[in-house]
Amino acid sequence: MSILTQEALLVRDALSVRGLENPLIELNINHQTRKRRIEDHMRAIVHLLNLDLEHDSLLNTPKRIAKMYIEEIFSGLDYSNFPKIAIIQNTMQINEMITVRGINITSTCEHHFIVFNGKVTISYIPEKNVIGLSKINRIVQFFSKRPQLQERLTKQIFLALQTLLNTDNVAIFIDAVHYCVKARGIHDVSSTTTTTALGGLFESNTNTRKEFLHAIMYCNH
């Protein structure tokens, strides 16, 4: 069993306490066995779609899907893949808003297992700690690599950053296109879904909130 980092444990426990963790169950199955079983199930699904699994194009499709699920698009279900985070003391006493705009996400809707993708804007105002800018992107990517609801994804990233930075002063905005809306059902090709989470000064201070909203508008133009 992989040993989880202190940061991974802190975030996992914070999400569990707040009821924001994905609906997980505990299976004592290693990755290789898990991939083999997924491959078997995918082979059955492809067969039930009346597709010829002996055809060159489909021969390795179940194996490719199993590998993709475990190692790539659902790798965020395993906290051993949580990014290595170095928390840095705020010795420079930075107290202004730090913003990372235009973070690309690709995730999977847990209702239909179809992609949704979009952009994330994140701001925080440091207190005792700061974090490397690329680590914010990595945290976003970790939580997007799960079967997700956009609302939950927003809250998970939000709480993870509050926990690691030890501050309430975090804000996040996600604007995404859902292919379960675009490619099936109503077939709406132009609508997007936005979700927001505001904490600390972003929630209580009008000027700080306006500054964050301006950053969002700048990113979307």
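This is a short talk on one chain, going from its overall layout to its core, its aromatic pairs, two of its helices and a few backbone angles.

Keep in mind throughout that the model is predicted. The chain has eight helices and seven strands. Its C-alpha atoms fill a box of roughly 65 × 45 × 30 Å along the principal axes. Of the 221 residues, 41% count as buried. The exposed area is about 12,900 Å², and carbon and sulfur atoms supply 53% of that. On contacts, take those with a separation of 6 or more: residues 24 or more positions apart account for 71% of them.

Now the core. In soluble globular proteins, nonpolar side chains tend to be buried together. Here the largest nonpolar core has 38 residues. Which residues have the most contacts inside it? They are Phe82, Ile122, Ile139, Phe143 and Ile157. Several elements each supply at least two residues of this core: helices H1 (6–17), H4 (133–144) and H5 (150–165), together with strands E2 (98–109), E3 (114–124), E4 (129–131) and E6 (170–178). H5 gives the most, with eight residues.

Take Phe143 from that list. Leaving out residues up to four places away in sequence, Phe143 touches Val11, Leu15, Tyr79, Phe82, Gln148, Leu153, Gln156, Ile157 and Ala160.

Phe143 also belongs to helix H4, where the buried residues are Ile136, Ile139, Val140, Phe142, Phe143 and Ser144. H4 has 12 residues and spans 18 Å from first C-alpha to last, close to the 16 Å expected at 1.5 Å a residue.

Next, the aromatic rings. A pair of aromatic rings is described by the distance of the centres and the angle of the planes. The structure holds nine aromatic pairs. I will show two. In the pair of Tyr69 and Phe74, the ring centres are 4.9 Å apart and the planes are at 50°, so the pair is tilted. Tyr69 and Phe74 are both buried.

The second pair is Tyr79 with Phe142. Their centres lie 5.5 Å apart with the planes at 50°, so this pair is tilted as well. The pair links distant parts of the chain: Tyr79 sits in the loop between H3 and strand E1 (87–89), Phe142 sits in helix H4, and 63 residues separate them. Both Tyr79 and Phe142 are buried. Ring pairs link Tyr79, Phe82, Phe142 and Phe143 into a cluster. Two members of that cluster, Phe82 and Phe143, were on the list of residues with the most contacts inside the core.

On to helix H2, residues 31–48. H2 has 18 residues and reaches 26 Å from its first C-alpha to its last, close to the 26 Å expected at 1.5 Å a residue. At the N-terminal end there is a cap: a side-chain oxygen of Asn30 lies 3.2 Å from the backbone nitrogen of Gln32. After the helix comes Asn50, with a positive phi near 65°.

Which residues of H2 are buried? Thr33, Lys35, Ile38, Glu39, Met42 and Val46 are. An α-helix has 3.6 residues a turn, so residues three or four places apart point the same way. What covers the buried residues of H2 includes helix H3 (61–73).

Glu39, in helix H2, is worth a look. Is Glu39 buried or exposed? Its relative accessibility is 12%, so Glu39 counts as buried, the cut-off being under 20%. Not counting residues up to four places away in sequence, Glu39 touches Pro62, Lys63 and Ala66.

Last, the backbone. Most residues other than glycine have a negative phi, and most peptide bonds are trans. Besides Asn50, with its positive phi, I have two more residues to point out. Gln93 is not a glycine, yet it has a positive phi of about 55°. Gln93 is in the loop between E1 and E2 and is exposed, with a relative accessible area of 64%.

His187, also not a glycine, has a positive phi of about 55°. The loop that holds His187 runs between helix H6 (179–182) and strand E7 (193–198). With a relative accessible area of 48%, His187 is partly exposed.

That is the end of the talk.

Technical notes. Residues are numbered from 1 along each chain as its sequence is written. This is a predicted model: local features need pLDDT of at least 70, side-chain atom pairs count only at pLDDT 80 or more; totals for chains, interfaces and linings use all residues. Side-chain values use heavy atoms; hydrogens and water are left out. Helices (H or I, at least four residues) and strands (E, at least two) are DSSP runs, numbered from the N terminus. The expected span of a helix is 1.5 Å times one less than its number of residues. Buried means under 20% relative accessible area, exposed over 50%, partly exposed in between (1.4 Å probe, protein chains only). Contact means heavy atoms within 4.5 Å. A polar contact is a pair of N or O atoms within 3.5 Å; within protein, one must be able to donate a hydrogen and the other to accept it, and residues adjacent in sequence count only if both atoms are side-chain atoms. A nonpolar core is a set of buried Ala, Val, Leu, Ile, Met, Phe, Trp, Tyr and Cys residues joined through side-chain atoms within 4.5 Å. Rings of Phe, Tyr and Trp (its six-membered ring) pair if their centres lie within 6.5 Å; planes under 30 degrees apart count as stacked, over 60 as edge-to-face and the rest as tilted. Accessible areas come from the Shrake-Rupley method with a 1.4 Å probe; for residues, only the protein chains shown count as cover.
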